[in-house]
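Visitor: I would like to know what the labels rest on. Please show me the structure, and then I will ask.

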Amino acid sequence: MAEDKKSNEKLIVNKKEHDWPKQFIEGAEIKTLAGSPADWVVNMSVPGAGEDPEIGDTQEVDLSEHAEPKGIKRFTTRKPTTSPGQ
């Protein structure tokens, strides 16, 4: 039973809460949860950071609540922009 408590993390993708069975998640897995196309971009919402950092397809994010930014991690997916700054 103690194992089950430890292995389930929560995250929010496009304002929808999801449970994830591992401590880490990759950008491509976030897109799958969101139902977004593979060529879309994932951004992690970081309060006070200015621009939210992009998460690459193979980049891992620590979902544990003590990892920065603290609390439940929030992500958005979006169409890639063709020109920088749009």
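**How the labels are earned**

Guide: We begin with helix α2, where Gly-27, Ile-30 and Lys-31 are the buried residues. Their directions from the axis span an arc of only 100°, so they lie on the same side of α2. Keep in mind that this is a predicted model.

Visitor: Why would residues three or four places apart point the same way in an α-helix?

Guide: Because an α-helix has 3.6 residues a turn.

Visitor: What do the buried residues of α2 pack against?

Guide: Strands. They pack against β1, β3 (24-26), β4, β5 and β7 (73-78). Just after the helix, Gly-35 has a positive phi of about 75°.

Visitor: Why is Lys-31 called buried?

Guide: Its relative accessible area is 6%. Buried means under 20%. Therefore Lys-31, at 6%, counts as buried.

Visitor: What makes the pair of Lys-31 and Asp-57 a salt bridge?

Guide: The closest N and O atoms are 2.6 Å apart. The cut-off is within 4 Å, between a side-chain nitrogen of Lys or Arg and a carboxyl oxygen of Asp or Glu. So the pair qualifies, at 2.6 Å. Lys-31 belongs to helix α2 (residues 27-34) and Asp-57 to the loop between β5 (54-55) and β6 (60-62), so the salt bridge ties together parts 26 residues apart in sequence.

Visitor: Is Asp-57 buried, exposed or partly exposed, and how do you know?

Guide: Asp-57 has 37% relative accessibility. Buried is under 20% and exposed is over 50%. A value of 37% falls in between, so Asp-57 is partly exposed.

Visitor: How many salt bridges are there by this rule?

Guide: Six. One of them joins Glu-17 and Lys-10, at 3.6 Å from N to O. That value is within 4 Å, so the pair counts. Glu-17 is partly exposed at 46% relative accessibility. Lys-10 is partly exposed too, at 36%. Through shared partners, salt bridges link Lys-10, Glu-17 and Asp-19 into one network.

Visitor: What makes Glu-68 and Lys-70 a salt bridge?

Guide: Their side chains meet at 3.3 Å, N to O. With a cut-off of within 4 Å, the pair therefore counts. Both residues are exposed, so each has over 50% relative accessible area.

Visitor: Which residues make up the largest nonpolar core?

Guide: It has 11 residues: Leu-11, Val-13, Trp-20, Ile-25, Ile-30, Val-42, Met-44, Ile-55, Val-61, Leu-63 and Phe-75. Strands β1 (9-13) and β4 (41-44) each supply at least two of them.

Visitor: Why is this set called a nonpolar core?

Guide: Because such a core takes buried residues of types such as Val, Leu, Ile, Met, Phe and Trp, joined through side-chain atoms within 4.5 Å. The members here are of those types.

Visitor: What does Met-44 touch, beyond residues up to four places away in sequence?

Guide: Asp-52, Pro-53, Ile-55, Val-61, Glu-68, Pro-69, Lys-73, Arg-74 and Phe-75.

Visitor: What is the strand order in the open sheet of five strands?

Guide: The order is β2-β1-β7-β4-β5, with mixed pairing. β2 (16-20) and β5 stand at the edges.

Visitor: What makes β2 and β5 edge strands?

Guide: Each has a single partner strand, so one side of each has no neighbour in the sheet.

Visitor: How do you know that the pairing is mixed?

Guide: Look at β7. It runs parallel to β1, with three bridges. It runs antiparallel to β4, with four bridges. Pairing requires at least two bridges, so both pairs count. Ile-12 stands opposite Arg-74 in β7, and Val-42 stands opposite Thr-77. β4 and β5 are antiparallel, over two bridges. There, the bridge partner of Val-42 is Ile-55.

Visitor: Which face of β7 is covered, and which is uncovered?

Guide: Lys-73, Phe-75 and Thr-77 form the covered face. Arg-74, Thr-76 and Arg-78 form the uncovered one.

Visitor: What is the overall pattern along the sequence?

Guide: The chain reads α-β-β-β-α-β-β-β-β, with two helices and seven strands. Of its 86 residues, 29% count as buried.

Methods. Residues are numbered from 1 along each chain as its sequence is written. This is a predicted model: local features need pLDDT of at least 70, side-chain atom pairs count only at pLDDT 80 or more; totals for chains, interfaces and linings use all residues. Side-chain values use heavy atoms; hydrogens and water are left out. Buried means under 20% relative accessible area, exposed over 50%, partly exposed in between (1.4 Å probe, protein chains only). Contact means heavy atoms within 4.5 Å. The arc is that of the directions from the helix axis to the C-beta atoms.
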